[in-house]
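Student: Could you walk me through reading the features of a protein model, one at a time?
Tutor: Gladly; let us look at it together.

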Amino acid sequence: MSAKAITEATGKDILNRHLNAHGAGAATCRFATVNADTDWSKLSVDHPWLLTTPLVVKPDQLIKRRGKLGLIGVKKSFEQVKQWIGERINKDQKIGNAVGKLRNFIIEPFLPHTDAEEMYVCIYSHRSADTILFYHQGGVDIGDVDAKAVKLDVPVNSELSLADVKSKLLKEVKDAAQKERIAKFIVALYATFVDLYFTYLEINPLVVTADNLYILDLAAKLDSTADFICRPKWGEIDYPPPFGRDAYPEEAYIADLDAKSGASLKLTILNRNGRIWTMVAGGGASVIYSDTICDLGGASELANYGEYSGAPSEQQTYEYAKTILNLMTSSPKHPDGKVLITGGGIANFTNVAATFQGIITALREFQPKLVEHNVSIFVRRAGPNYQEGLRRMRDFGGTLGIPLHVFGPETHMTSICGMALGKRPIPKVASVEFSTANFLLPGGQQAQADLKAASDASSSDALGSALSSTAAKSIKLPPISADEADNGSSASGQHRNGSSLTRKFFSNTTKAIVWGMQQRAVQSMLDFDFICRRDEPSVVAMVYPFTGDHKQKYYWGHKEILIPVYKKMSDAIHKNKEVDVLVNFASLRSAYESTLEVLEFPQIRTVAIIAEGIPENMTRKLIFEADKKGVAIIGPATVGGVKPGCFKIGNTGGMLDNILHSKLYRPGSVAYVSRSGGMSNELNNIISKATDGVIEGIAIGGDRYPGSTFMDHILRYQADPETKLIVLLGEVGGTEEYEVCAALQDGRITKPLVAWCIGTCASMFTSEVQFGHAGSCANSDRETATAKNKALREARAYVPDSFDTLGELIHHVYSELVKTGRVVPKEEVPPPTVPMDYSWARELGLIRKPASFMTSICDERGQELIYAGMPISEVLSKEVGIGGVISLLWFQRCLPSYVCKFFEMCLMVTADHGPAVSGAHNTIVCARAGKDLVSSVVSGLLTIGDRFGGALDGSARQFSEAYDTNLHPMEFVNKMRKEGKLILGIGHRVKSINNPDVRVKIIKEFVLESFPACPLLRYALEVEKITTNKKPNLILNVDGVIATAFVDMLRNSGSFTSEEAQEYINVGAINSLFVLGRSIGFIGHYMDQKRLKQGLYRHPWDDISYVIPEQYN
């Protein structure tokens, strides 16, 4: 939702900070807020006026007409206010149908004034203008303000003048000085309204005294999508729930998930103890499922409303499902058991198998509780990879221990609601339609055609029987009027933007530019072009400002093609003069600027804006500019649209299997317009089953102000002689459907129109519910879905009893058209096959290929990075430290804490040994030569070997072999001397038995004290006794003590088998500690040289011995 109500306190705080900056000249609003946690003594200290001024107190919870309801206390002392609130706080209060608890209050100073000083001001935004209402009398008895108030419209992109306010709004204000003050206030209020992205702002009363203006009661809404613009001015905004519905922590958790995700995740808890729970994919689908449940008598038991859509990841879907299952199983058991309806339309781009895997994981986790609560689950879904998703769900259902019924697109979307509520029989075996891959395999096309013929026959029989049994009784079908559109007599006129009504947006030669690096969407468009037998691809260029000009590779059928990618829009357009469509995938932050830019090029006639969440003021300005230039906008917040056989926008229509299944590769006779992108795909499915298919379908978008309206497209369909039947899927909120009613009544629409508005359930809820789309919220009775459906029916549109029977009604009307000869079904022509992409074939499990790499230590693919099975959050919360991370990534297990401590000690003592050693020296020389960090550190690391630092592995092998073969330490020393080999780990250039290495002492003492056993270290210490007798500097050095202690850890910690321990010794794992530790020091030397700004190093001559032959031979 974009327009969200805020509390009175929040609204007044915003106005206090910004209103007078625009010259309002209003008094600062003084107020204090109170809730159950308020410390009254601190409150009086923070607001000393509370103790000295008569007070007004009222609840601050989005309650309308508080004065009429007796919810305002006037002229009370501080103690009386405390008593007044104490009598009401956390007590149930009934307001209309809603029952809720009063929890938040606002206290203000009482302002003595007369009724004559009270006035009314309201500003609200709509599609083409902002409307300012003013009435010279205000207060609780104002009555019907819409009828009384003077209205002034400020068109989008216009300024409000002081003169207009005085001459048009303030006619009844006679005092010239007072009129001037009020006019300045209204101008400043409007400037604040626009600047801070308010969508509604009502002050009643505004008290105008001789010396000041006071805002007493205030109600306001903000455009929440403008948060990225206005947060510095707004501050942190808390949007309260409607009165009668408490805010639940689970709702806040899902809202937080939604904010951090590119997907859409919504949850509203309607009845915590309800027995009917839903988990629905898609904004439009979620409304329709709620409608159907309420239509079937389940309103009082409906527990929640919500949606997951926009391709959430498996992890995000798991978190969403887990939240709902936790709510469902933590509420009291129901005697009839509970039902979970996991439904959805046909997805455009969401991977159904991936989201279902997240749901399955959650179901598995809650399995015992689901059994305990006697839950039945009903699943219906389709879209990309849905066959695999349904298969997984069916297979899992066999192990769950509760009923789990699974259906695909062969079942009407809302049929599972009737099954779940016992109103419809549950089929014993669901017919499964053809699989994703059939049409892509040799010979698969014919198999698909055969299956489709059988499927169509069965669905036609089912549809026919449904019609004869139910529809004939419930649908009254008036005679279809003569279609005058074919000869164009009723289609004269102009669009609101001045372009011809008959202009077609798309044809089979349409060329488009795509803004954004949307490779999957572009490939989807090209595949659609190919199966529609277009001669050339529809996408000729892409624009992406964040990379240089280059070419991107795509497939055209079987062969590869290159599509240019430009940094600048102007380059793309000037080099492609045939382009007239822009598909804009820019983000909500940049869609406005990129669309404004493209409107400067007259050759662009249609723009599709995909992004959701563009602030409403920006959208209205785009509409204004597009109307001026005769450009059609589809969106924002849309998947786009499709012209079968010609062109499709982005991901519209979903995967190729759905495009083929819905017959979108060739035109039919039915055109539709919808708000919902997900439901447009469902309409493709319904229309393909009920008629000869779609000729054009547009999803105008779910925002309050779509760039083009229902009427824009319906009038195009009316003017198109190939369109025989029009379908409208409207929804709760807005009034655009009434324009359709007027057009039906005045004869501008003569073709049969089947219409249904979703959101009929809204009137059955006791508190306001914001549905998935920003525009789907009724602000008056006229905007409800029920009122719209009634008006459409009265205007002679064909309106079903519910969405459940929409397909039956479309089929019935279409059959009439066929019977009267107005539609002549054409013979089916199979489309060409398109090879399946390797990545998708692999996703479907159709092919296999050996992986190029194998890894067993880390997985970054999910929601959270995982180290050897441990999520990164757990790594941090358990404080395993660097040693613990080493144990996970090097050894794939959590090693004991003393081992992790040993690792960390080794890193610390080996981190550096001064600048003179070869590794540090090399690093310093490189750094002084101007090389970068990586090059300098690598040059130091390359010196590590048997002579410098790399003796750990060799030392471990020598001591282990000697110990394992039972050589006495003296025998070991003598053997190495006879073989002429150095004992690695023994000896030091500087340190000796008399000047011991403190590093060795620290590690040795820790190992002897902490390790359960350290026989190899003790063996090495015995060797040291022998070697130091020969020479005092032949001590056990750092390499030796770490190497032998490491082997003792591998062998005696209980974490490794003897074979694993030996393998780690053989692969050189022990030397890794020195490499890692010394890297720390090398980085330090690099940074030190840069910090000291040391110049190029040149070795001094006097430190070089030049040994040159005396003469040339």
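The dialogue below takes up domains, sheets, helix packing and backbone details.

Student: What should I know before I start?
Tutor: This is a predicted model, so local features need pLDDT of at least 70 and side-chain atom pairs count only at pLDDT 80 or more, while totals for chains, interfaces and linings use all residues. Residues are numbered from 1 along each chain as its sequence is written, and side-chain values use heavy atoms, with hydrogens and water left out.

Student: Which domains does the assignment give?
Tutor: Domain bounds come from an automatic or database domain assignment. Here they are domain 1 (3-158 + 165-223), domain 2 (249-427), domain 3 (512-820), domain 4 (851-894) and domain 5 (895-1092). The C-alpha centres of domain 1 and domain 4 are 56 Å apart.

Student: How do I read a sheet, and what is the order in the one with strand 2 and strand 7?
Tutor: Strands (E, at least two residues) and helices (H or I, at least four) are DSSP runs numbered from the N terminus, and two strands pair if DSSP finds at least two bridges between them. This sheet is open, with four antiparallel strands in the order 2-7-3-4. Strand 2 (32-34) and strand 4 (73-76) are at the edges with a single partner strand each, so one side of each has no neighbour in the sheet. The twist from one strand to the next averages 25 degrees; angles run from 0 to 180 degrees between N-to-C directions, with axes fitted to C-alpha atoms, for helices over the stretch in contact. Strand 3 (residues 55-59) pairs with strand 4 through two bridges in the antiparallel sense, and Leu55 is opposite Lys76 in strand 4.

Student: Which strands does helix 3 touch?
Tutor: Contact means heavy atoms within 4.5 Å. Helix 3 (residues 78-86) packs on the sheet and touches strand 2, strand 3, strand 4 and strand 7, its direction making about 15 degrees with that of strand 3. Helix 1 (residues 8-18) lies across strand 2, strand 3 and strand 7 (105-109), at about 45 degrees to strand 7.

Student: What is the pairing in the sheet with the order 15-17-18-19?
Tutor: That open sheet of four strands has parallel pairing. Its edges are strand 15 (276-278) and strand 19 (404-407), each with a single partner strand, so one side of each is left without a neighbour in the sheet. Strand 15 and strand 17 (residues 338-342) run parallel, joined by three bridges, and Ile276 faces Val339 of strand 17 across the pairing. Helix 10 (residues 314-330) lies across strand 15, strand 17 and strand 18 (375-380), at about 165 degrees to strand 17.

Student: How are two packed helices described?
Tutor: By the angle between their axes and the distance between the axes. For helix 21 (residues 677-690) and helix 25 (residues 806-819), the angle is about 40 degrees and the axes are 9 Å apart. Leu683, Ile686, Ile687 and Ala690 in helix 21 meet Leu806, Gly807, Ile810, His811 and Tyr814 in helix 25.

Student: Which backbone details deserve a look?
Tutor: Try the peptide bonds before prolines. The bond from Asn204 to Pro205 is cis, with omega near 5 degrees, and Pro205 sits in strand 11 (residues 198-208). The bond from Gly635 to Pro636 is also cis, with omega near 0 degrees; Pro636 is in the loop between strand 26 (632-634) and strand 27 (641-643). Leu62 has a positive phi of about 60 degrees although it is not a glycine, and Leu62 lies in the loop between strand 3 and strand 4.
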